[in-house]
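User: I want to go through the labels on this model one at a time. Show me the structure, and then I will ask what backs each label.

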Amino acid sequence: MANDGRLGELLVRENLISLAELRKAQEMQKTSGENLAKSLTKLGVISDQDITDFLSSQYNVPAIDLSQYEIEPEILELISKEVCERHKIIPVSRAGTSLILAMSDPTNLHAIDDVKFLTGYNIEPVVASQASIEAALEKHYSVPGATYDEVMDGFNEAEFDFNAEEESQDNILELERLSEDAPVVRLVNLILVNAIKKHASDIHIESYEKAMRVRYRVDGVLHEEMKPPMKLRNALISRIKIMSKLDIAERRLPQDGRIKLKLGKGREMDYRVSVLPTLFGEKVVMRLLDQSNLQLDMTKLGFDPDPLADFKKSIHSPYGMCLVTGPTGSGKTTTLYSALSDLNRSDVNISTAEDPVEYNLMGINQVQMHEEIGLNFAASLRSFLRQDPDIIMVGEIRDFETAEIAVKAALTGHLVLSTLHTNDAPSTISRMLNMGVEPFLVTASVNLIVAQRLGRKLCVECKREIKPEKSVLIDAGVPEAELAAFRVFEPVGCPACNSSGYKGRVALYEVMKFKDELKDLVLQGCSTAELKAEAIRLGMQTLRASGLKKIKEGITSIAEVLRVSASD
């Protein structure tokens, strides 16, 4: 922003951020080169919306939500994309001789004068968050990408008549040549860029006996996107391997790599690439990792106030273990990163062992695992304990050796954060006991366990309220006393959500504080069911109860909650 120093002072004066948080954001600015508002939101100390509302009230300028506006092309033609990016602005509409201009910094008089000179209009500023302006610029000024049909126009089947089973050096060179061919390059680019536009989390490229297909995982559900010709299969997969710096001659063993794609001004997208040999060729799965979309504000992840307070209290304990559990793709890493972001201060030493490192976090020592050379979670943990750590994050506790070292670290004055794959919070204790950890060590080290799932959010544009049968609500777990006042919405489908009825995801949380009553039950050798019943009696909100709360608030549907959570 044009006046970062002034903004920082005002936010501190209004008690919206602390002086320590301001200093931390200013330190981050020095390395990232971003403005103060973006640094503050990345740290999770204040949201984009809070800064926008503050600027609106401070300077008496209206605030707008750009996602609700469809800007006319002739309005966009008034100002070039380069000018908009430089000043963090976007024109919204005209009113007579005035141009409504959305600005991230309404005090930027240089930008107002610049636009006034370029357009000849009087400027009426409105304030919008920098993130929403960047999203609007991406949406409205981006050059329309080629369609699948346009890409395939240049495809000549005869050129790709190729036998991939032969292993000669000439064959490998020919495959490399074909992978650089125009339709192949354009098709791979289309697959990568379209995934970003559709907000996909994963891309699946699958080979079968007589066909291949490309699917995107959007909001946790796979959708078929295209079926490229079989003759393109080997060239397409080789192109991805070359971009990922993998061996195109190796088709019998799994390989892992990474693609970094530059998207316009300053934005990068990482793709984590996994290649797996299957019966009819190789399958490629790419995980999209967008640092700019990493949500580190815990209040926005889906926590309810009381469980969030328990979680924050636990991660701010001087020692002990906090565990996050759930299946792959349930947002465990995001929850851990948000906790680390909250703990990340200049007076603590934080080390993480990850496989793989998904996002780079400033001020945290992150270690990538390499099993092939013996660098696994257990080896990393041992090294961390010689590195004078305060906080340790272990990507996953997979075996007894890792669990044993993590427990010992938690008992010797370190805070340990980690994940496990279990169905709910109480069954995590049983899993640790089954690994071979002694019950007295588990009860002495574990502070809190969080189980989580991701459910799709209803599209706010088209969701509608319904009155389901009482039996449906009772089967879902709604208490009879709440049936009369329980509100339910269902998905409909509209252009804003690609006719799916859902847009975005929300997390459901089950937070189990490991209280003394629960520790006594573990030492007595009780079952998981007994442990869960006691945790609920002591006030634990289960995954299903968390889901029901989200249904009542109109955030998600009954079908989604039933899909991602088991009945209590």
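Analyst: What follows takes ring pairs, charges and cores in turn. Note that this is a predicted model.

User: Why is the pair of Phe-303 and Tyr-509 called stacked?

Analyst: The centres are 3.7 Å apart and the planes 10° apart. Pairing needs centres within 6.5 Å, and stacked needs planes under 30 degrees apart. Both conditions are met, so the pair counts as stacked.

User: Where do Phe-303 and Tyr-509 sit in the chain?

Analyst: Phe-303 is in the loop between strand 9 (281-289) and helix 13 (305-315). Tyr-509 belongs to strand 18 (residues 502-513). The two are 206 residues apart, so the pair links distant parts of the chain. Both Phe-303 and Tyr-509 are buried. Ring pairs also join Phe-303, Phe-311 and Tyr-509 into a cluster.

User: What makes Tyr-337 and Tyr-359 an edge-to-face pair?

Analyst: The angle does. Their planes are 75° apart, with 6.0 Å between centres. The label edge-to-face asks for over 60 degrees, and the centres must lie within 6.5 Å. Therefore the pair qualifies on both counts. Tyr-337 lies in helix 14 (residues 332-343), and Tyr-359 in the loop between strand 11 (350-354) and strand 12 (365-368). They are 22 residues apart. Tyr-337 and Tyr-359 are both buried. By this rule the count of aromatic pairs is 3.

User: Which rings have a charged end over them?

Analyst: Two examples. The charged end of Arg-456 sits over the ring of Tyr-502, 4.1 Å from the centre. The charged end of Lys-463 sits over the ring of Phe-489, at 4.9 Å. The distance limit is 6 Å, and both values fall within it.

User: How do you know that Lys-81 and Glu-85 form a salt bridge?

Analyst: The N to O distance is 3.9 Å. The rule asks for within 4 Å, so the pair passes. Lys-81 and Glu-85 are 4 residues apart in helix 6 (residues 81-87), which means about one helical turn separates them.

User: Why is Lys-81 called partly exposed?

Analyst: Its relative accessibility is 24%. Buried means under 20% and exposed means over 50%, so Lys-81 falls in between.

User: What makes the contact of Lys-198 with Glu-225 a salt bridge?

Analyst: The closest N and O atoms are 2.9 Å apart, and the limit is 4 Å, so the label holds. Lys-198 is in the loop between helix 11 (182-197) and strand 4 (200-207), while Glu-225 is in strand 6 (residues 221-226). They are 27 residues apart. Lys-198 is partly exposed at 34% relative accessibility. Glu-225 is partly exposed at 25%.

User: What do Lys-513 and Asp-310 tie together?

Analyst: Their side chains meet in a salt bridge of 3.9 Å, N to O. Lys-513 is in strand 18 and Asp-310 in helix 13, so the pair ties together parts 203 residues apart in sequence. Lys-513 has a relative accessible area of 32%, and so is partly exposed. Asp-310 has 24%, so it too is partly exposed.

User: How many salt bridges does the whole structure hold?

Analyst: The search finds 28. Some are linked: Glu-206, Arg-213, Arg-215, Glu-224 and Lys-283 share a network of salt bridges.

User: What makes Arg-464 and Glu-490 a polar contact?

Analyst: Their side chains are joined at 2.6 Å. The limit for the N or O atoms is 3.5 Å, so the distance condition is met. The C-alpha atoms are 5.7 Å apart, although 26 residues separate the two in sequence. Arg-464 is in strand 16 (residues 464-466). At 45% relative accessibility, Arg-464 counts as partly exposed. Beyond its sequence neighbours within four places, Arg-464 contacts Val-488, Phe-489, Glu-490 and Val-492.

User: Which residues touch the most other members of the largest nonpolar core?

Analyst: Met-321 and Met-512, in a core of 39 residues. Helix 16 (residues 400-411) gives the largest share, 6 residues. A second, separate core has 33 residues, including Ala-195, Ile-196, Val-214 and Ile-259.

User: What does Met-321 touch?

Analyst: Leaving out residues up to four places away in sequence, its contacts include Ile-397, Ala-406, Val-407, Met-432 and Leu-448.

Key: Residues numbered from 1 in each chain as written. Predicted model: local features only at pLDDT ≥ 70, side-chain atom pairs only at ≥ 80, totals over all residues. Heavy atoms only, no water. Buried < 20%, exposed > 50% of the residue type's maximum accessible area, 1.4 Å probe, protein only. Lys NZ or Arg CZ within 6 Å of the ring centre and 35° of its normal. Contact = heavy atoms within 4.5 Å. Polar contact = N/O pair within 3.5 Å; in protein donor to acceptor, adjacent residues only side chain to side chain. Core = buried A, V, L, I, M, F, W, Y, C linked by side-chain atoms within 4.5 Å.
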